[in-house]
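Okay, thanks for squeezing me in. Let me put the sequence and the model up, and then I'll walk you through it.

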Amino acid sequence: MIVIKVSSEAAAEFKKIAAKSDNPEKQMIRIAYGGAGWSGPRLGLALEELKHTNDIVVESAGIKVVYSKDLASYVSGMSIEYSDKWYNKGFRLTGAGGGC
């Protein structure tokens, strides 16, 4: 089973952002492919409302996370974190999978 952890800080910030959308209950975090690098794919995060036929959806901290089946081996064991510190503000992927 693919495990992706969403930190409590990331979940709280995502809920604030999703609440501003037209359909907050449909919002998910998409882990998206951003091109290839030496250590594997570059991955990014985006808001998403749609699940495509080739997608997997998992839930952590009350947040749905969606990604393509093609990325399963790269995202397993990763965490979605959020920091509001001035030198490192924003969401980021950490952990297994590498290259992020």
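Before I name anything, a quick convention: two strands pair if DSSP finds at least two bridges between them, and helices (H or I, at least four residues) and strands (E, at least two) are DSSP runs, numbered from the N terminus. Now the small print. This is a predicted model, where local features need pLDDT of at least 70, side-chain atom pairs count only at pLDDT 80 or more, and totals for chains, interfaces and linings use all residues. Residues are numbered from 1 along each chain as its sequence is written, and side-chain values use heavy atoms, with hydrogens and water left out.

Let's begin with the sheet. It's an open one, three strands in the order S1-S6-S7, and the pairing is mixed. Strand S1 (5–6) and strand S7 (90–95) are at the edges with a single partner strand each, so each has one side without a neighbour in the sheet. S1 runs parallel to S6, with two bridges: Lys5 is partnered with Ser79, and Val6 with Ile80. S6 and S7 are antiparallel over six bridges, and one of these partnerships is Tyr82 with Phe91 in S7. A hairpin of six residues takes you from S6 to S7.

So is S6 mostly covered or not, and how many of its residues are buried? Five of the six are buried, where buried means under 20% relative accessible area, exposed over 50%, and partly exposed in between (1.4 Å probe, protein chains only).

Stay with Ile80 for a second. Contact here means heavy atoms within 4.5 Å. Skipping neighbours within four places in sequence, Ile80 has contacts that include Ile4, Val6, Ala10, Ile31, Leu45, Val65 and Phe91.

That leads into the core. A nonpolar core is a set of buried Ala, Val, Leu, Ile, Met, Phe, Trp, Tyr and Cys residues joined through side-chain atoms within 4.5 Å. The largest one has 20 residues, and Ile4, Ile31, Val75 and Ile80 touch the most other members. Two or more residues each come from helix H1 (8–19), strand S2 (28–37), strand S5 (63–68), helix H2 (72–75) and strand S6 (78–83). Which element gives the most? That's H1, with four residues.

Next, Ser60, which sits in strand S4 (residues 55–60). Ser60 counts as buried because its relative accessible area is 13%. Leaving out residues up to four places away in sequence, Ser60 touches Ile4, Lys5 and Val6.

On the outside, Ile17, Leu45, Leu47 and Phe91 make a nonpolar surface patch of about 290 Å². Ile17 belongs to helix H1, and at 32% relative accessibility Ile17 is partly exposed.

Last stop, Arg42 in strand S3 (residues 40–48). Why is Arg42 called partly exposed? Because its relative accessibility is 47%. Again ignoring residues up to four places away in sequence, Arg42 touches Ala32, Tyr33, Gly34, Gly35 and Ala36. And if you want a distance to check, the C-alpha atoms of Arg42 and Tyr74 are 9.9 Å apart, with the two residues 32 apart along the chain.

That's my tour, thanks.

Notes:
Patches are made of residues with over 30% relative accessible area and no salt bridge: like charges are joined within 9 Å, nonpolar side chains (Val, Leu, Ile, Met, Phe, Trp, Tyr) within 5 Å. Accessible areas come from the Shrake-Rupley method with a 1.4 Å probe; for residues, only the protein chains shown count as cover. A salt bridge is a side-chain nitrogen of Lys or Arg within 4 Å of a carboxyl oxygen of Asp or Glu.
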